[in-house]
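Biologist: Please take a close look at one part of this protein, the open sheet. Walk me through it step by step, and set it in the whole chain.

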Amino acid sequence: MLTKLQFSLSVTLLFACGFLYQFTLKPSCLICYLPSYKSQQGLEALLGRGRSIVFLETSERMEPTPLVCCAVESAAKINSSTERFWLHISSDASRLAFIWKYGGVYMDTDVISIRPIPEDNFLAAQKSQFSSNGVFGFLPHHPFLWECMENFVENYNPRIWGHQGPELMTRLLRVWCKLRDFQEVSDLKCLNFSFLHPQRFYPISFRAWRRYYEVWDTEPSFNDSYALHLWNHMNQEGKAVVRGSNTLVENLYRKHCPKTYKDLLQGPEGSVTREQSPGNK
């Protein structure tokens, strides 16, 4: 059995890219369209060691059948079950492919929206000179995301949490931009996209995530924010929204998702149970 495959998630990502990309595949063409010389080099390095699994699509079919998807998933699953961060890495890959293909804004499922985002193409700073991948938005087929997908495969490292996620975004951001510290609450412009100030989505840093579950003497207005990332990945203690607690998170629920607040906080225990998902970072 193959134990350490270079493809791990990479072949899954390549496979997804191949079908998501609007390109008519020629007979005997590899599953992913790789237009640049750099991509070909990366592919040769990836496959040249003889320890990879390769799937070929030799028809012009653009939509994989359930059996095709099962073949790829089962190969990835059986040969990468020892990877500690597999669920997070697969989530990191999927969001890149979907936003590159369809465009729009990706958000983790622990993000509460509080006002419209006025940007089409953007990355969100988690802190100065460091990008998150928990929130980002681009128009379809943006070259930055294509380079992210290439880098995902060429620099694949499953042993480091975030290497295919926020670290990936930050690596490419440094290539595309001349980064500097933010001045006051202003965003940075970088070629054809924006790098948004941490206040836009991360006014409370990951080290202070418990503050969402505390009572504030004076609650923040979040006037400079578009949405709030609640750092569910950090919430290993299982903190929940408690009715009548007057915590910041309860008041956010009451104001920004009142129907959810009403429906979920009507039970006898009066609390919302924490839900984990791969996207909650």
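Modeller: Start with the whole chain. Of its 281 residues, 48% count as buried. Keep in mind that this is a predicted model. The chain has 8 helices and 9 strands. Its accessible surface comes to about 14,900 Å². Carbon and sulfur atoms account for 53% of that surface. Now look at contacts between residues at least 6 apart in sequence: 73% of them join residues at least 24 apart.

Next, the sheet. It is open and is formed by 5 strands. Read across it and the order is β1-β4-β3-β6-β5. The pairing is mixed. Two strands sit at the edges: β1, residues 104–107, and β5, residues 188–190. Each of these edge strands pairs on one side only. Neighbouring strands do not line up exactly: on average they are turned by 30° against each other, with direction ignored.

Go to the β5 edge. There, β5 is joined to β6, residues 193–196, by 3 bridges. The two strands run antiparallel. Find L188 in the model, then look across to β6: its bridge partner there is F195.

Then turn to helix α4, which spans residues 86–102. This helix packs on the sheet. It touches β1, and it also touches β4, residues 130–138. Compare directions: α4 makes an angle of about 35° with β4. Trace the strand order once more, from β1 through β4, β3 and β6 to β5. The helix contacts are with β1 and β4, while the L188 bridge partner lies in β6.

Methods: Residues numbered from 1 in each chain as written. Predicted model: local features only at pLDDT ≥ 70, side-chain atom pairs only at ≥ 80, totals over all residues. Heavy atoms only, no water. Pairing = 2+ DSSP bridges. Helix = DSSP H or I, 4+ residues; strand = E, 2+ residues; numbered from the N terminus. Axes fitted to C-alpha atoms, helices over the stretch in contact; angles between N-to-C directions. Contact = heavy atoms within 4.5 Å. Buried < 20%, exposed > 50% of the residue type's maximum accessible area, 1.4 Å probe, protein only. Areas by Shrake-Rupley, 256 points an atom, 1.4 Å probe, with all protein chains shown as cover.
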